[in-house]
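User: Please take a close look at the backbone on either side of one strand. Then add what is worth noting elsewhere in the chain.

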Amino acid sequence: MKYKGIIFDLDGVLCSTDRFHFEAWKQTAEEVGAPFDETINMKLRGVSRMESLEIILSGSSKTFTDAEKERLATEKNDRYRKLLAQMSPADMPAAVRDALTALHNAGLKLAVGSSSKNAAYILEQLDANRYFDAVCDGTMIAHSKPDPEVFTKAAAMVGLAPEDCLVVEDAAAGLEAARAGGMDCAIVGTAPMPFEPTYHMQDVTKLPGTIL
Ligand code: BG6
Ligand code: MG
């Protein structure tokens, strides 16, 4: 087999939280008088909460103190967490669970590599922790994607060298992070990418058929 492990991004790969981020950030953008739409929201994929806020604030004519930024980010996260509370195991389809089980049964180590500080809460809501040998998330890293830290750390957590791992991502920042970490990358979905990934597929259910 070409790989010994697979590192999955969470948001947009294992589950869909995009609409929750969109709703929660939209209110922030309205409050600060900055434009916000699907294109701007897409730029926030894979990027940390504070960096996402900076991207939104760059569209506002006002300036903000660190304390104001902290408040805006906290309020956004409170709204986002309320929306996440609606999630349940039904938000991870059986076909995705079957794909994870097939990959694990084939002897691959499976890990999560997410910029989100809410990853543990999301995995709990989905009842999905049991599929993974390790979870590396936004609470454990100093630099978010496109820095490779979350992926190299996830590889180390499952005892593998980066080059033995495949990253699965939906975002340009994640594809860049995988390359910077020396890893192949499978992109799911339709977001525009800065360069060709190793594989491109509709969703994670296509992964076993592609790499096993
Ligand atoms: C990533 C999302 O997984 O997590 C980004 O793709 C988000 O959109 C980032 O900004 C940080 O999320 P959180 O949950 O820590 O605010
Ligand atoms: Mg993502």
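Analyst: Helices here are DSSP runs of H or I with at least four residues, strands are runs of E with at least two, and both are numbered from the N terminus. In those terms, aspartate 127 sits in the loop between helix H6 (119-126) and S3. The model is a predicted one. Aspartate 127 has a positive phi, near 55°, although the residue is not glycine. Most residues other than glycine have a negative phi, and most peptide bonds are trans. Aspartate 127 has a relative accessible area of 38%, so it counts as partly exposed, between the limits of 20% and 50%.

The loop that joins strand S3 (134-136) to helix H7 (149-157) holds proline 146. The peptide bond leading from lysine 145 into proline 146 is cis, with omega near 15°.

Elsewhere, the magnesium ion (ligand 2) is bound by Asp9 (OD), Asp11 (O) and Asp170 (OD), at 2.0 to 2.2 Å. The spacing of these donor residues along the sequence is D-x1-D-x158-D. Aspartate 9 has 5% relative accessible area and is buried; aspartate 11, at 15%, also counts as buried, because the limit is under 20%.

Methionine 1 belongs to the segment before strand S1 (5-8). Its relative accessible area is 60%, which makes methionine 1 exposed. Beyond its sequence neighbours up to four places away, methionine 1 touches Ala106, Leu108, Ile211 and Leu212. The C-alpha atoms of methionine 1 and aspartate 164 are 9.9 Å apart, with the two positions 163 residues apart in sequence numbering.

Technical notes: Residues numbered from 1 in each chain as written. Chains lettered and ligands numbered in written order. Predicted model: local features only at pLDDT ≥ 70, side-chain atom pairs only at ≥ 80, totals over all residues. Heavy atoms only, no water. Buried < 20%, exposed > 50% of the residue type's maximum accessible area, 1.4 Å probe, protein only. Contact = heavy atoms within 4.5 Å. Donors = N, O, S within 2.8 Å, 3.2 Å for Na, K, Ca; no water.
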